[in-house]
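Student: I have a model open and want to learn how to read it. Can we go through it feature by feature?
Tutor: Yes. Bring it up.

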Amino acid sequence: MLQKLEALVKQARKAGEKITAFNGEFRVISHYDADGIASASIMARALMRAGKRFHLTMVNQLSETLIAELAGQKRDFVIFLDMGSGQLRMIRQHLSKADVIVIDHHQQEGSMEGSKIMQVNPMDFGIEENISGSGACYIVSMSLGPENKDLSAMAIIGAIGDSQAGAIGEEWGLFGLNREILKDAMDINKIKVSRGLRLWGRYTRPIHKALEFSVDPYIPNVSGSESHAVQFLHELGIPTKRENGEWRTLADLSEDEQKKLASGIIAERVNGNHPNAEWIFGDVYELLDKGGECRDANEFATILNACGKMGRAYMGVELCLNVAKAFLEVKWVLEKYRKSVGDGIRWVYEQMEKGNDEVIRKSGNAWYVLAGGRVSEHILSNVISIIEKSLDIGKPVFAFADSESGVKVSARANGKLVEGGLNLKKVVSKAAEKAGGLGGGHSGASGATIPAGSEGVFIEAAENMLSHGEETNKSLSSEKNINHDSNPINSEKGNENDSRIGKGSKKVDGKEVERKGLVQYFGS
């Protein structure tokens, strides 16, 4: 891993030198989700500090039409963030006269040979997990100056927004290079890490709603039922409302109430014969320069995602850059986002209850949700993620929604399926190609855009691959060894916040590695 990381840093340095040498205006294009917004914010701050001029645009997808439009603008230098690796052919074709840097963490499609494209992508160096697009941007920003170490917190927010917090046994949190970036953020008191209940919505969701929507950890007789969640809290003696009548959140609980809640959840899981019933805790990431509902990194990532999906990606960038007015304006965006996602989920469940097999098509291999115009393409991935987790059907779920460009496809699969060899990126990419579209993503979460009316072709192609096992990722086990077992972290303690990062020393490439963060690789 050390050699791979050093090679990645070397490439980032080259990109930094190229950025430093250019004195014109950069054209920066980034994805509009939480990871993309964090990536854009890192690059914006780094360029501003370097005294560079830039024009930033946040987009839903990197289409050939958009790339052709960029070519028409006759830009001298274009930077793509959290996207571009899957569109190298189109970039090479249309932007042959421009200098291009692609900073991404998705799988490469197409060749850069003979072009002016430079790519900074961890996958090129065998680092295929545990670093997001914003993490790659952070590494490039560090090549522009050590003052950019404070941008590490944005990279952690982006990683969480990209669903990179996961579990290894009883340990739940960020791993691999994400933990090294986390160490940088902790060193400068940007983030505090503590141990807490793995319940979503610490600052923003009423306690009973946090319990109702908890699927990992699953709480028997509580998860999935609002009334049962309220009754559960009543039996534990935990009030659901404040004295002023407002709903209480997890952040409002006293230490004694938190212990009661944890004991109650464990007891329900034991009674439900759940294995590892006590595995309900995980890392909680607190943003020390933020307040209110922005204090929790999970919540902040959700807010950024809401900004992007509600057409206010610029507001997400302003939040990351601490523009005061954005914190005042974002609440209505978050409320609109929650309502849209809630309406989408409710509609899907209604179709399930009706047994509408025209909308919910089930096979022995997967579920297919044909939402049409009933769920916005911008929140389709969020709706289907929640549906897949809450149903726990043990099969991949594919969802389709009308899009300005045809049909948006979003696919999700749980960790067990991915560990067993499922590679949704492969399935979606090939099925989209058969349907005349374009797809990409990751093993457990992938997406595509296909022509209107081609859903049947896509489904047939996906079924074919799933039936014949063509989706198996042969290198999956080796990827896990690279990123989990060989993660450059040991038990050396730094400040008080370091106690949750890593247990036991690790040896990588024959050497013992000290947990010092990524900043050590940018020394003189």
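Student: Which residues are buried in H5?
Tutor: Keep in mind that this is a predicted model. In H5, the buried residues include Gly133, Ser134, Gly135, Ala136, Cys137 and Tyr138. Ile139, Val140, Ser141, Met142, Ser143 and Leu144 are buried too. That makes 12 of its 12 residues, so the helix is mostly covered, given that buried means under 20% relative accessible area.

Student: What span should helix H5 have, and what does the model give?
Tutor: Count 1.5 Å a residue. Helix H5 covers residues 133-144, which is 12 residues, so 16 Å is expected. Its end C-alpha atoms lie 17 Å apart, which agrees.

Student: What phi does glycine 145 take, just after H5?
Tutor: A positive one, of about 160°.

Student: Now the cores. What is the general idea?
Tutor: Nonpolar side chains in soluble globular proteins tend to be buried together. Here the largest nonpolar core has 95 residues. Ile19, Ile79, Ile103 and Ile191 have the most contacts inside it. Helix H13, residues 324-354, gives the most to this core, with 9 residues. Apart from this core lies another, of 24 residues. Among them are Ala411, Ala435, Ile459 and Ala462.

Student: Which residues does isoleucine 19 touch, leaving out those up to four places away in sequence?
Tutor: Isoleucine 19 touches Phe26, Leu47, Lys52, Phe77 and Ile79. Ile101, Val140 and Leu144 are on the list as well. Val140 and Leu144 are also among the buried residues in H5.

Student: How many disulfides are there?
Tutor: A disulfide is a covalent bond between the sulfur atoms of two cysteines. The test here is a pair of cysteine sulfur atoms within 2.5 Å. By that rule the count is 0. Take cysteine 307: the nearest cysteine sulfur belongs to cysteine 320, 8.8 Å away. Cysteine 320 is in no disulfide either, and its nearest cysteine sulfur is that of cysteine 307.

Student: Are cysteine 307 and cysteine 320 buried or exposed?
Tutor: Cysteine 307 has 0% relative accessibility, so it counts as buried. Cysteine 320 is buried as well, with a relative accessible area of 6%.

Student: Where is lysine 425 placed?
Tutor: In helix H16, residues 424-434.

Student: Is lysine 425 buried or exposed?
Tutor: Read its accessibility. At 7%, lysine 425 counts as buried. Then read its contacts, not counting residues up to four places away in sequence. Lysine 425 touches Gln107, Glu109, Gly440, Gly441, His442, Ser443 and Ser446.

Conventions:
Residues numbered from 1 in each chain as written. Predicted model: local features only at pLDDT ≥ 70, side-chain atom pairs only at ≥ 80, totals over all residues. Heavy atoms only, no water. Core = buried A, V, L, I, M, F, W, Y, C linked by side-chain atoms within 4.5 Å. Buried < 20%, exposed > 50% of the residue type's maximum accessible area, 1.4 Å probe, protein only. Helix = DSSP H or I, 4+ residues; strand = E, 2+ residues; numbered from the N terminus. Contact = heavy atoms within 4.5 Å. Expected span 1.5 Å × (residues − 1).
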